[in-house]
Amino acid sequence: MQYNTYMSNIYQAKGETLTEQYFDVGALFGESIRNAVNVISQSRSKKVKIRKMLAEKTLVNLRRKNVASEFLACIDAWAKGAQITTAQAMWLMADNLSGCQTIIARYKTGIALLHTEEDFENISFRMTGEKIISFSDNGEFSRCLVYNDLMPGAGLYGWKEDLIVAVDTLYLKEDGIEKIENPILANVVAWMIWRMTPKEANQ
């Protein structure tokens, strides 16, 4: 797969290491991230409270099992840059909406990535300024479409040479979901696949 490396409106995350770049992007969108956290923390919705709990259980699960160390280092850095806690960053990853559509269309000369939003009359609530972030790690460039308040690479879609990852999740039934002992969020899985090599992702 070849892709256009000269796309406009791409923000190159600043920093030598991946964690430094995630800190930079957290600071870049810090105000939007903190606003989103405040909305969740003040919500009295049972659904929101359950998702917060699942997010926190996922974080404990990942740390206890000592898996996803790269993800944990990056979300810690992103949260620190945004001046929130890592648990609050996980809240945002569990705050799934059902009104967006992601489309991947393949044609003879390439692949088109399309995304639409249906939850907001004004999309600037979640997407303003830089909408594509580029990360550099050991000579590899990974890019992703971003929401202001979601850890880059964890949702919507991400791509690099020979790999595209897209995630759309929808809870069809949430009865008893709070009883899951060792939860994992779809956005976490998507991020981990995005960081794999194409060969690893195919296995």
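# Exercises on a Predicted Protein Model

The protein chain contains 7 helices and 7 strands. The structure is a predicted model. Each exercise below is followed by a worked solution.

## Exercise 1: The chain as a whole

Determine in what order the elements follow one another from the N terminus, and what percentage of the residues is buried.

**Solution.**

Step 1. Reading from the N terminus on, the order of elements is β-α-α-α-α-α-β-β-β-β-β-β-α-α.

Step 2. Of the 203 residues in the protein chain, 42% are buried.

Step 3. Contacts may also be sorted by separation along the sequence. Among the contacts in the protein chain with a separation of 6 or more, 63% are between residues 24 or more positions apart.

## Exercise 2: The two sides of helix α2

Identify which residues of α2 are buried and which residues on the other side are exposed. Explain where the buried residues lie around the axis.

**Solution.**

Step 1. Helix α2 comprises residues 30–42, which is 13 residues. From its first C-alpha to its last, α2 reaches 18 Å, close to the 18 Å expected at 1.5 Å a residue.

Step 2. The buried residues in α2 are G30, I33, A36, V37 and I40. These residues lie on the same side of α2, because they cover an arc of only 130° around the axis.

Step 3. A general rule helps in reading such a pattern. An α-helix has 3.6 residues a turn, so residues three or four places apart point the same way.

Step 4. E31, V39 and Q42 are exposed on the other side of α2.

Step 5. The cover over the buried residues of α2 includes α1 (18–28), α3 (46–65), α4 (69–82) and α5 (86–94).

## Exercise 3: Helix α4 and its partner α5

Describe helix α4, and state at what angle α4 and α5 pack.

**Solution.**

Step 1. Helix α4 has 14 residues and spans 20 Å from its first C-alpha to its last, close to the 20 Å expected at 1.5 Å a residue.

Step 2. Its buried residues are F71, L72, C74, I75, A77, W78, A79, G81 and A82. Helices α1, α2, α3, α5 and α6 (186–194) are included in what covers them.

Step 3. The axes of α4 and α5 are 9 Å apart, and the two helices pack at an angle of about 100°. Angles of 65 to 115 degrees count as roughly perpendicular, and α4 and α5 are therefore roughly perpendicular to each other.

Step 4. At this meeting, α4 contributes F71, I75, D76, W78 and A79, while α5 contributes T86, A89, M90, L92 and M93.

Step 5. After α4 comes Q83, which has a positive phi, near 65°. The loop between α4 and α5 also holds T85, which counts as partly exposed because its relative accessibility is 41%. T85 and I75 are 10 residues apart along the chain, and their C-alpha atoms are separated by 9.6 Å.

## Exercise 4: The largest nonpolar core

State how many residues the largest nonpolar core has, and which element gives the most to this core.

**Solution.**

Step 1. The largest nonpolar core has 53 residues. Those with the most contacts inside this core are Y22, F71, M90, M93, I133, F135 and M151.

Step 2. Helix α4 gives the most to the core, with 8 residues.

Step 3. Consider F71 in detail. Apart from residues up to four places away in sequence, F71 touches L62, M90, M93, M151, V188 and W191.

Step 4. The general background is brief. In soluble globular proteins, nonpolar side chains tend to be buried together.

## Exercise 5: Three individual residues

Classify D149, I193 and T116 as buried, partly exposed or exposed.

**Solution.**

Step 1. D149 is located in the loop between β5 (140–145) and β6 (156–160). Buried means under 20% relative accessible area, and D149, at 7% relative accessibility, therefore counts as buried. Residues up to four places away in sequence aside, D149 touches S32, I33, A36, W78, L92 and R126.

Step 2. I193 belongs to helix α6. With 30% relative accessibility, I193 counts as partly exposed. Its contacts, leaving aside neighbours within four places in sequence, are L163, V165 and A201. The C-alpha atoms of I193 and A166 are separated by 9.8 Å, although these residues are 27 residues apart along the chain.

Step 3. T116 lies in strand β3 (residues 110–117). T116 has a relative accessible area of 34% and is partly exposed. The C-alpha atoms of T116 and Q101, 15 residues apart along the chain, are 5.2 Å from each other.

Note on methods. Residues numbered from 1 in each chain as written. Predicted model: local features only at pLDDT ≥ 70, side-chain atom pairs only at ≥ 80, totals over all residues. Heavy atoms only, no water. Helix = DSSP H or I, 4+ residues; strand = E, 2+ residues; numbered from the N terminus. Expected span 1.5 Å × (residues − 1). Buried < 20%, exposed > 50% of the residue type's maximum accessible area, 1.4 Å probe, protein only. Arc of directions from axis to C-beta. Contact = heavy atoms within 4.5 Å. Core = buried A, V, L, I, M, F, W, Y, C linked by side-chain atoms within 4.5 Å. Axes fitted to C-alpha atoms, helices over the stretch in contact; angles between N-to-C directions. Parallel < 35°, antiparallel > 145°, perpendicular 65-115°, else oblique.
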